[in-house]
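Work through the three exercises below with the sequence and the 3D structure at hand. Try each task before reading its solution.

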Amino acid sequence: MLELLVATVVFALILVLTFSVISQTSSVWQRSTRDLEAFQNARLVFENLTRLASQATLNTYWDYEINGVGQVVRYRRNSDLHFYLAAAGLNGVPGTSGCGQALFFQAPYSRRAPSATWVPQLLNEIGFYVEFGSDDNWLPTALKGSLTASWRYRLFQAVEPAEDLTIYSTSAAQADPPPWVSTGNAHPVADNIVALVVLPGRAEAEEALLGPLVTNLAYDSRTGATLPVQPVSANQLPPLLNLAMIAIDEKSAARLASGSTPPAQVGAALAGRFQLAANFQEDLKDAEADLTAAGVSCRVFSTRILLKESKWSE
């Protein structure tokens with residue numbers, strides 16, 4: 001009788017341990033699946049962003065500068081195109097302040113007006129930035145009565161149809177930001193993206209020798225392009241871009257939502273960051289740590305891409 005009782009107790013312990021292991025395994029699997037699904041769209045959008053950014057072009061060429069009386073003044077780099085990176089939400093730049101940078105460039109995306117015939121290799125003006133706002137303007141008209149608009153951080157993509165390019169306007173070089181940096185054809189491509197961070201750079205060996213390409217997280221290929229001595233960035237694409245994107249999950253976003261007011265926890269995690277090139281990696285780690293400490297499930301996507309059309313020379 002004693003042996004049967006001992007055997008029953010041992011069997012019960014084995015069952016408890018087995019169910020415990022199964023429960024923990026199931027919990028881990030469900031959490032991993034939930035995280036994967038939560039950030040799947042962010043991953044796809046980040047891949048699209050890096051693919052398009054890698055195709056940025058300036059079509060740089062060298063030509064003589066002629067003065068008003070027909071004399072050759074100098075021989076310099078020229079470009080009719082423009083690569084523009086600036087802090088989002090400041091001084092008229094699209095996006096929400098504190099959410100990293102707005103990135104605008106030209107690339108052969110072949111986007112035309114809906115009624116136009118598709119033609120390969122057409123040039124488009126393309127931009128990416130993060131903005132906090134309502135999705136009311138993006139809800140289907142038939143569903144606006146049954147769906148409630150939500151206020152979220154979102155990654156926007158702007159694509160100007162090839163027929164509407166304004167980059168060749170003579171006035172485009174005068175303003176900052178230039179007129180072609182526009183949100184007129186922008187639409188959200190991913191919810192719950194709280195920051196887009198872009199750092200132009202050189203190859204590691206060159207940076208070790210020459211130092212960082214930029215001091216601040218900004219780059220304007222037209223800055224100083226008309227000076228007698230052009231800066232190295234004038235009418236040149238940077239050799240490469242360090243790209244990073246911070247995403248949070250919908251569950252955290254819904255919990256933090258407070259109408260038209262951006263979540264304080266997200267704002268605190270981003271405040272004062274993504275300004276200096278030297279702090280690029282540290283700012284990403286600190287922002288992720290602060291979001292995690294605030295109970296926000298987040299993911300940082302980062303990569304380094306070569307700009308294939310860059311013809312960098314110093």
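A polar contact is a pair of N or O atoms within 3.5 Å; within protein, one atom must be able to donate a hydrogen and the other to accept it. The model used here is predicted.

**Exercise 1.** Find which side chain makes a polar contact with the side chain of Ser150, and state whether Ser150 is buried or exposed.

Solution.
- Ser150 sits in the loop that runs between β5 and β6.
- Its side chain pairs with that of Arg154 in a polar contact of 3.1 Å.
- The relative accessible area of Ser150 is 19%. Buried means under 20%, so Ser150 is buried.
- Leaving out residues up to four places away in sequence, Ser150 touches Gly133, Ser134 and Asp135.

**Exercise 2.** Classify Thr148 as buried or exposed.

Solution.
- Thr148 belongs to the loop between β5 (124-134) and β6 (151-160).
- Its relative accessibility is 72%. The cut-off for exposed is over 50%, so Thr148 counts as exposed.
- From C-alpha to C-alpha, Thr148 is 9.9 Å from Ser134, with 14 residues separating them in sequence.

**Exercise 3.** Check the span of helix α6 (residues 280-293), then describe its buried and exposed residues.

Solution.
- With 14 residues at 1.5 Å a residue, α6 should span 20 Å; the end C-alpha atoms are 20 Å apart, which agrees.
- The buried residues of α6 are Phe280, Asp283, Leu284, Ala287 and Leu291.
- Viewed down the axis of α6, these buried residues fall within an arc of 100°, so they line one face of the helix.
- The face turned away from the buried side of α6 carries exposed Lys285, Thr292 and Ala293.
- Among the elements covering the buried residues of α6 are β8 (193-201) and β10 (240-248).

Technical notes
Residues numbered from 1 in each chain as written. Predicted model: local features only at pLDDT ≥ 70, side-chain atom pairs only at ≥ 80, totals over all residues. Heavy atoms only, no water. Helix = DSSP H or I, 4+ residues; strand = E, 2+ residues; numbered from the N terminus. Expected span 1.5 Å × (residues − 1). Buried < 20%, exposed > 50% of the residue type's maximum accessible area, 1.4 Å probe, protein only. Arc of directions from axis to C-beta. Contact = heavy atoms within 4.5 Å.
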